[in-house]
Every structure is written in C-alpha cells, then in structure tokens.
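Here are some notes to read alongside the model, written for someone who is opening it for the first time. Keep the viewer at hand and go point by point.

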Amino acid sequence: MTEQLRLMAVHAHPDDESSKGAATMAKYVSEGVDVHVVTCTGGERGDILNPKLQGDTYIQENIHEVRRKEMDEAREILGVKQDWLGFVDSGLPEGDPLPPLPEGCFALEDVDKAAGALVRQIRSFRPQVITTYDENGGYPHPDHIMTHKISMVAFDGAADAEKYPESEFGPVFQPQKLYYNQGFNRPRTEALHHAMIDRGLESPYGDWLKRWDEFERVERTLTTHVPCGDFFEIRDKALIAHATQIDPDGGWFRVPMELQKEVWPTEEYELAKSLVDTSLPEDDLFAGIRDNA
C-alpha cells in the first residue's frame with residue numbers, strides 16, 4: 001500500500017464509541033489502520049446510569065471532567081486517536097409534551113456551521129472511510145440525530161472549497177465511503193436471544209424484542225458484516241471504562257463471551273455513500289479502497 005488507511009468514527013457522546021463499532025476499530029488498529037474518533041459533545045447532561053455511582057456528589061458536580069477522564073481511558077484501551085468538537089450535550093428530553101431543548105446545546109446549532117468543525121477534522125485527518133449514525137440517530141436522541149446531520153454535510157463539504165474555504169478549514173479532501181453504525185440490529189438480537197434460551201440461560205433481550213414490535217422499528221439494510229469477535233474483550237473493557245454510564249454487572253455483559261463469538265462474531269454497518277465500486281455484502285469497511293490505497 002502506498003497510502004495509510006484511515007478510519008474516522010463520528011460519535012455524539014463519550015461512551016458511544018465503545019458501544020458502537022468498538023471491536024471493529026480495535027481490529028483495524030491491530031492491522032495498522034489509523035483510527036480517529038471524533039466526539040461531538042462532552043456528555044455533560046448525561047445521567048449517571050451506573051447505580052453503584054449514583055448519588056456521588058463529586059461525580060455530580062464534576063460530570064464533565066469525569067467523563068473526559070473516562071474517554072481518555074477508553075481511547076487508550078482501543079488504541080485510537082480522539083478529538084472533541086466542543087459542542088454542549090443537549091440531554092435527552094423526557095415528558096409529554098417534551099420540554100424544549102436547552103439554549104446553546106448541540107442539537108440547536110446551525111447544521112452547516114456545526115459541520116464546519118467536523119470538516120476541519122476530516123481535512124486534517126483525511127480518512128477514506130467515515131462511520132456515523134443513520135437519520136434516526138440509531139435511537140432518537142437529539143445529539144445522535146444532529147451527529148448524523150453534520151456528518152452528511154461534512155462528507156461532501158470536506159471537498160467543497162467554496163462552502164468551506166481552505167484558508168479557514170484546511171486543504172480540501174474527499175472521503176470515499178460513509179457508513180451508518182447498525183450494531184443494534186434485529187437479526188443479531190434474535191440470534192443471541194434464541195441462543196441463550198436454547199442453552200437454558202436467561203436472555204437480556206426479551207424486553208428489547210417486545211419493544212421492537214411495539215415501536216414498529218423499520219429494519220435497516222445491513223450491507224457490511226465486519227468479523228471482529230477476537231476483539232470483543234477489548235470492546236467490553238473500553239465500555240466499562242465509562243464507569244458513570246455502564247454497570248459492569250448489568251445487562252450489557254450477560255451474554256457469555258464464547259456464545260457471542262460463536263453465534264454472532266461480527267459488527268454490522270449500512271453503506272450510505274460510496275465513491276468507489278464495491279460488491280455487497282461486504283466484510284471490510286475498506287472494500288474497494290484497500291487494493292487501490
């Protein structure tokens with residue numbers, strides 16, 4: 001190869017990079033691919049989801065600093081580079097009717113202006129491949145939906161010197177492929193659920209599947225299955241590093257590791273944009289790029 005392969009993963013909050021595509025990133029790092037995580041917000045408005053840490057006054061008063069330190073640890077575990085875009089967490093509005101989003105938050109930013117911050121990162125890092133969320137955000141958190149919006153604008157905008165002048169945003173660059181993370185898909189969930197039941201184990205996915213039916217969630221097209229089972233332990237270690245968000249004794253870790261590797265040893269993606277020829281389905285995010293790099 002005459003050019004380094006580079007992957008950029010765009011995420012909304014610290015911890016998203018460890019719950020979505022982390023094993024894929026660790027696999028590519030092991031192969032010498034340069035991997036860069038871009039985190040749009042600091043996660044300042046995220047709830048403390050680990051019951052063991054709820055009520056901790058220091059964490060509550062210093063949540064921004066705590067989550068940055070958690071991200072530092074996860075980054076080291078995954079072996080990736082990471083940068084913050086610096087936007088303010090929007091929080092997840094709850095209630096009926098939903099309350100307005102807080103002033104100055106990420107989801108209320110002008111999309112084209114906010115995308116400029118990501119354009120700078122793309123032009124500096126020059127990734128051939130970018131991963132992000134679909135138009136529903138993977139789930140409808142306002143920051144996830146905003147992450148999708150700026151990723152789509154920045155994918156094209158990174159090559160547009162008129163919209164984003166080189167004097168301000170750096171030399172133009174055109175990424176070649178853009179994927180949506182689709183790791184939480186129904187085929188995977190059903191396969192692991194039935195494998196647990198068949199082995200006489202209690203599945204953590206029963207309620208998930210009921211909610212799937214209740215919300216009539218539209219199934220996505222899974223174009224790309226990346227084999228990365230050998231890196232599931234690294235994925236879990238990175239996720240546990242986000243201690244305020246993840247209970248190590250919780251549902252995330254109830255499926256035995258060997259069962260996961262046997263039944264579903266891949267992470268899934270949906271190819272949303274490609275400027276290179278590729279044949280679907282794929283098993284490599286760099287399909288169509290690797291041989292020409």
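1. How many salt bridges does the count come to? For this predicted model, the count is 22 salt bridges. As a reminder, side chains of opposite charge can pair when their charged atoms come close.

2. One pair to pull up is Asp 247 with Lys 52, whose side chains form a salt bridge at 2.6 Å, N to O. Have a look at where the two partners sit: Asp 247 is in the loop between α10 (232-241) and α11 (257-263), while Lys 52 is in the loop between β2 (34-41) and α3 (57-61). They are 195 residues apart, so this pair links distant parts of the chain.

3. Now the overall layout. The domain assignment splits the chain into domain 1 (6-184 + 221-288) and domain 2 (186-219). In the contact, domain 1 takes part with 15 residues and domain 2 with 15 residues. Measuring sticks out: going by C-alpha atoms, the centres of domain 1 and domain 2 are separated by 24 Å.4. What do the two domains bury between them? The area buried between domain 1 and domain 2 is about 1,200 Å², and carbon and sulfur atoms give 68% of that. On the domain 1 side, look for Phe 184, Leu 259 and Trp 264: these three supply 42% of the area that domain 1 buries against domain 2, more than any other three residues.

5. Charge also plays a part at this boundary. Between domain 1 and domain 2 the count is 1 salt bridge. Glu 262 and Arg 199 are also worth displaying, as their side chains meet in a salt bridge at 3.1 Å, N to O.

6. Next, the empty space inside. Rolling a probe the size of a water molecule over the atoms shows where empty space is left. Here the count comes to 2 cavities of 30 Å³ or more. The largest has a volume of about 70 Å³, and the second largest about 40 Å³.

7. Where does the largest cavity lie? Domain 1 and domain 2 both give residues to its lining, so the largest cavity lies between them. There are 10 lining residues, and Phe 184, Asn 185, Trp 212, Glu 219 and Arg 220 lie nearest the centre of the cavity. By class, the lining has 4 nonpolar, 2 polar and 4 charged residues. Phe 184 is worth a second look, as it is also one of the three residues named above for the area that domain 1 buries against domain 2.

8. Which residues line the second largest cavity? The list runs Leu 7, Ala 9, His 11, Lys 20, Gly 21, Met 25, Thr 131, Asn 181 and Tyr 269. Strand β1 (residues 6-11) gives the largest share of this lining, with 3 residues. The classes come out as 4 nonpolar, 4 polar and 1 charged.

9. A few backbone details are easy to miss. The peptide bond from Asp 96 to Pro 97 is cis, with omega near 5°, and Pro 97 is found in the loop between β3 (81-87) and α5 (111-125). Leu 280 and Pro 281 are also joined by a cis peptide bond, where omega is about 0°. Pro 281 belongs to the segment after β7 (266-274).

10. Last stop: Asp 15. Its phi is near 110°, a positive value in a residue other than glycine. To find Asp 15, go to the loop between β1 and α1 (16-19).

Methods: Residues numbered from 1 in each chain as written. Predicted model: local features only at pLDDT ≥ 70, side-chain atom pairs only at ≥ 80, totals over all residues. Heavy atoms only, no water. 1 Å grid on protein atoms, 1.4 Å probe; cavity = no way out; pocket = protein on both sides within 12 Å on 5 of 7 lines; lining within 4 Å. Points joined across faces, edges and corners; volume = space filled by probe spheres on them. Nonpolar A, V, L, I, M, F, W, Y, C, P; charged D, E, K, R; others polar. Domains from an automatic or database assignment. Helix = DSSP H or I, 4+ residues; strand = E, 2+ residues; numbered from the N terminus. Contact = heavy atoms within 4.5 Å. Buried area = accessible area lost by both parts, 1.4 Å probe. Salt bridge = Lys/Arg side-chain N within 4 Å of Asp/Glu carboxyl O.
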